[in-house]
Amino acid sequence: MKYLLMLTGLMAMPSFAAGDLAANDMTGVSFWLVTAALLAATVFFFVERDNVSSKWKTSLTVSGLVTGIAFWHYMYMRGVWVDTQTSPIVYRYIDWLLTVPLLIVEFYLILRAVTNVASSLFTKLFVGSLVMLIFGYLGESGAMSAMVAFIIAMAAWIYMIQVLYSGEGGVAVKQASPAVQSAYKTMMWIIIVGWAVYPLGYVMGHLVGETNPASLNIIYNFADFVNKILFGLIIWHAAVTESRGT
Ligand SMILES: *C/C=C(C)/C=C/C=C(C)/C=C/C1=C(C)CCCC1(C)C
């Protein structure tokens, strides 16, 4: 209940966009849709903590924090978009800087719930994600060549996949319960296929022809929907299934 009150407070905040959303502005519409979905997901994850066993509660909290932090930034990002039709690069990367490490914590929690994991796994993923995001920002803000930044960020992302797939992560999960194993597999898909949508957005926005903020942002918004909300729902599903079984 207290969470609902908190969120109602958030919704009472003043409007963040000065202008109005145009009906033919599909990128703007996608900002609006994802903003609302992030708020709904945040309420859902916090309320659902009551329906899972104690070892899953932190995972749902982290999912709720990810969507909550993103909701906050989307309130500003959609305002920037509607007012200026340019990419809200700074808000976007501040959001990612907070939410990507939290998503990595989520991986770590899932593994730790079932087996001993080396904390070096977390460190490697954390460092990989920092390199990926820092170079993404440098490339998008024009501080360095968009192509060179892209190649370095791609290398960091591939390194993270390799750590999870063949490193500590892949080994540890073999001893886990079926529900955790399937959650982990789905999460691997999220990191490989779901996260691949971001570099696709970068390519469409920066590397083919003129800079194209409309394509870039509609793709990033879709990616956030998949990787923050869907990802959380997968964990929620595993948590509910496992909690019933015990
Ligand atoms: C909630 C936000 C998430 C999960 C953001 C993830 C972002 C990425 C996986 C970004 C990756 C990038 C590359 C792999 C290369 C080009 C630059 C980036 C930063 C878009």
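**Exercise 1. Decide whether Gln-85 counts as buried, partly exposed or exposed in this predicted model, and then describe its backbone.**

Step 1. The relative accessibility of Gln-85 is 39%, and the class between the cut-offs of 20% and 50% is called partly exposed. Gln-85 therefore counts as partly exposed.

Step 2. As for its place in the chain, Gln-85 belongs to the loop between helix 3 and helix 4.

Step 3. The backbone of Gln-85 has a positive phi of about 55°, although this residue is not a glycine. Most residues other than glycine have a negative phi.

**Exercise 2. Work out whether Ser-63 is buried or exposed, and find which residues it is in contact with beyond its sequence neighbours.**

Step 1. Begin with the element: Ser-63 lies in helix 3, which covers residues 54-84.

Step 2. Ser-63 has a relative accessible area of 3%, and buried means under 20%, so Ser-63 is buried.

Step 3. Once neighbours within four places in sequence are left aside, the residues in contact with Ser-63 are Phe-45, Glu-106, Gly-232 and Ile-235.

Step 4. Glu-106 falls within the range of helix 4 (89-112), while Gly-232 and Ile-235 fall within that of helix 10 (213-245).

**Exercise 3. Describe the surroundings of the ligand: how many residues surround it, which helices supply them, and of what class are they?**

Step 1. The ligand is surrounded by 18 residues, and the closest are Trp-96, Val-100, Met-132, Tyr-198 and Lys-228. Taken alone the ligand exposes 520 Å², of which the protein buries 100%.

Step 2. The space that the ligand takes is the largest cavity.

Step 3. At least two residues of the shell come from each of helix 4 (89-112), helix 5 (119-140), helix 6 (146-166), helix 9 (197-207) and helix 10 (213-245), and the largest share, five residues, is that of helix 4.

Step 4. Sorted by class, the shell holds 14 nonpolar, two polar and two charged residues.

**Exercise 4. Characterise the protein as a whole: what are its elements, what percentage of its residues is buried, and what does its surface consist of?**

Step 1. The secondary structure comes to ten helices and zero strands, so that an α element follows an α element from the N terminus on.

Step 2. Of the 246 residues, 47% count as buried.

Step 3. Among contacts between residues at least 6 apart in sequence, 76% join residues at least 24 apart.

Step 4. The protein exposes about 11,500 Å², and carbon and sulfur atoms supply 70% of that area.

Definitions and conventions:
Residues are numbered from 1 along each chain as its sequence is written. This is a predicted model: local features need pLDDT of at least 70, side-chain atom pairs count only at pLDDT 80 or more; totals for chains, interfaces and linings use all residues. Side-chain values use heavy atoms; hydrogens and water are left out. A residue is near a molecule or strand if one of its heavy atoms lies within 4 Å of it. Accessible areas come from the Shrake-Rupley method with a 1.4 Å probe; for residues, only the protein chains shown count as cover. On a 1 Å grid over the protein atoms alone, a cavity is a set of points where a 1.4 Å probe fits but cannot get out, and a pocket is an open set with protein on both sides within 12 Å along at least five of seven lines; lining residues have an atom within 4 Å of a point. A molecule sits in a cavity or pocket if more than half of its atoms lie within 2 Å of its grid points. Helices (H or I, at least four residues) and strands (E, at least two) are DSSP runs, numbered from the N terminus. Ala, Val, Leu, Ile, Met, Phe, Trp, Tyr, Cys and Pro count as nonpolar, Asp, Glu, Lys and Arg as charged, and the others, Gly among them, as polar. Buried means under 20% relative accessible area, exposed over 50%, partly exposed in between (1.4 Å probe, protein chains only). Contact means heavy atoms within 4.5 Å.
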